[in-house]
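Ready for some practice in reading a protein model? Take your time with the view below, then work through the exercises one by one.

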Amino acid sequence: MKQLLVVVITASSVTRSIARSVLEEEGHRVIEAPGYSDAASLPSEGLNPDLLLCEPDSGRSSEMLNVRQLTTKLSRDRICLVTGIGDEKLRQEARELGVRHFLTRPITRRDLESVVDCLGQVVESEVSVTSRETTPWWALYTRHQCEKMVAETLTCKQFEVFLPLYASIRRWTDRQKTLFLPIFPGYVFVRGGLDRRLEIVMTPGVQTILFYGEQVADIPETEIHNIRRMVEGPYRVEPHPYLQCGEKVRITRGSLKGIEGVLVRKKNLCRIVLSMDILHQSVAVEVDASDVEPVNLWSSTPGNPSRTTTLLNYRN
């Protein structure tokens, strides 16, 4: 099995000791971090862990925000949360952030070995970036509010799944809460795995696979990549009413440079809307007006092939 890089984030010396003992015996590299502030510097050091083993303090309301930040910066969904038996509120908050793997205190050697074995199989089965880009994404239509459950179940079955979420603040008279909701309600994206189609459609919460005519509707890698860049960056992202026409613009600076979409305004804010015609849904990201240019500035000229392609735009 390939050597994995595991970061253990917990103030508990006992948990860190058990984790190091088990993981190093299996030939994996372990980095210990007593707190989230200690782990925050890992990206700047060029480290990209295969697994985050986190034991948050359920008494601190900021812990889930810290988990979210580390998940975004380091390893997306490769995070395992250690919780107590009565930490159901903590588990629910973690699920809303996309965390899918949990261990219950006190953790045992067998618990850790099962997590690492499962992750090791995923890492071993990953193919090169070049060949992955040739494997198309496609979409599943789910039952109402079952997107997270479907994504979690398929991930546990070793499918590559993408469920883009956005933060939505819900306010009541006495409190407020941040929920992480699907950008495209009712849809979960999956790459490849259609040879296991029966296993997919039998998954609880799945309604059907999205077809275009008689073929499964392929979604290009570049379009999934652009959505991923939006949700993982420091941007305000939210669903937007479906758009098909309007002024086409391109983002010229920042981590979203090169993405094209429709320019709209809401109050004093500029937004780029990316529409997925096959889903009849759109997503909007806030940008600075000085960071966009009309797409027609790139119209074809001798020696300069046209680049006026429409991202996330499916045509008949």
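Here are four exercises on this predicted model, each with a worked solution.

**Exercise 1. Find out how many helices and strands the protein has, and what share of its residues is buried.**

Solution.
- Step 1: Count the elements. There are nine helices and 19 strands.
- Step 2: Turn to burial. Of the 316 residues, 46% are buried.

**Exercise 2. Work out the strand order of the open sheet of four strands, and which strands are its edges.**

Solution.
- Step 1: Follow the pairing across the sheet. The order is β7-β10-β6-β11, and the pairing is antiparallel.
- Step 2: Look for strands that pair on one side only. These are β7 (160-162) and β11 (206-209), the edge strands.
- Step 3: Zoom in on one pair. β7 and β10 (residues 187-191) are joined by three bridges in the antiparallel sense, and Phe162 has Phe189 in β10 as its bridge partner.
- Step 4: Add the helices. Helix α7 (residues 147-156) lies across β6, β7, β10 and β11, at about 20° to β10. Helix α9 (residues 221-232) lies across β6, β7 and β10, at about 55° to β7.

**Exercise 3. Classify Cys146 and Cys156 as buried, partly exposed or exposed, and state how many disulfides the structure holds.**

Solution.
- Step 1: Recall that buried means under 20% relative accessible area, and exposed means over 50%.
- Step 2: Cys146 has a relative accessible area of 16%, so Cys146 is buried.
- Step 3: Cys156 has 42%, so Cys156 is partly exposed.
- Step 4: Check for disulfides. The structure holds zero.

**Exercise 4. Explain why the salt bridge between Arg191 and Glu221 ties together separate parts of the chain, and set it beside the pair Glu24 and Arg20.**

Solution.
- Step 1: Start from a general idea. Side chains of opposite charge can pair when their charged atoms come close.
- Step 2: Check the distance. The closest N and O atoms of Arg191 and Glu221 are 2.8 Å apart.
- Step 3: Locate the partners. Arg191 is in strand β10 and Glu221 is in helix α9, so the bridge ties together parts that are 30 residues apart in sequence.
- Step 4: Consider exposure. Arg191 is buried at 8% relative accessibility, while Glu221, at 21%, is partly exposed.
- Step 5: Turn to the other pair. Glu24 and Arg20 form a salt bridge at 2.3 Å, N to O. Both lie in helix α1 (residues 13-25), four residues apart, about one turn of the helix.

Methods:
Residues numbered from 1 in each chain as written. Predicted model: local features only at pLDDT ≥ 70, side-chain atom pairs only at ≥ 80, totals over all residues. Heavy atoms only, no water. Disulfide = S-S within 2.5 Å. Buried < 20%, exposed > 50% of the residue type's maximum accessible area, 1.4 Å probe, protein only. Pairing = 2+ DSSP bridges. Helix = DSSP H or I, 4+ residues; strand = E, 2+ residues; numbered from the N terminus. Contact = heavy atoms within 4.5 Å. Axes fitted to C-alpha atoms, helices over the stretch in contact; angles between N-to-C directions. Salt bridge = Lys/Arg side-chain N within 4 Å of Asp/Glu carboxyl O.
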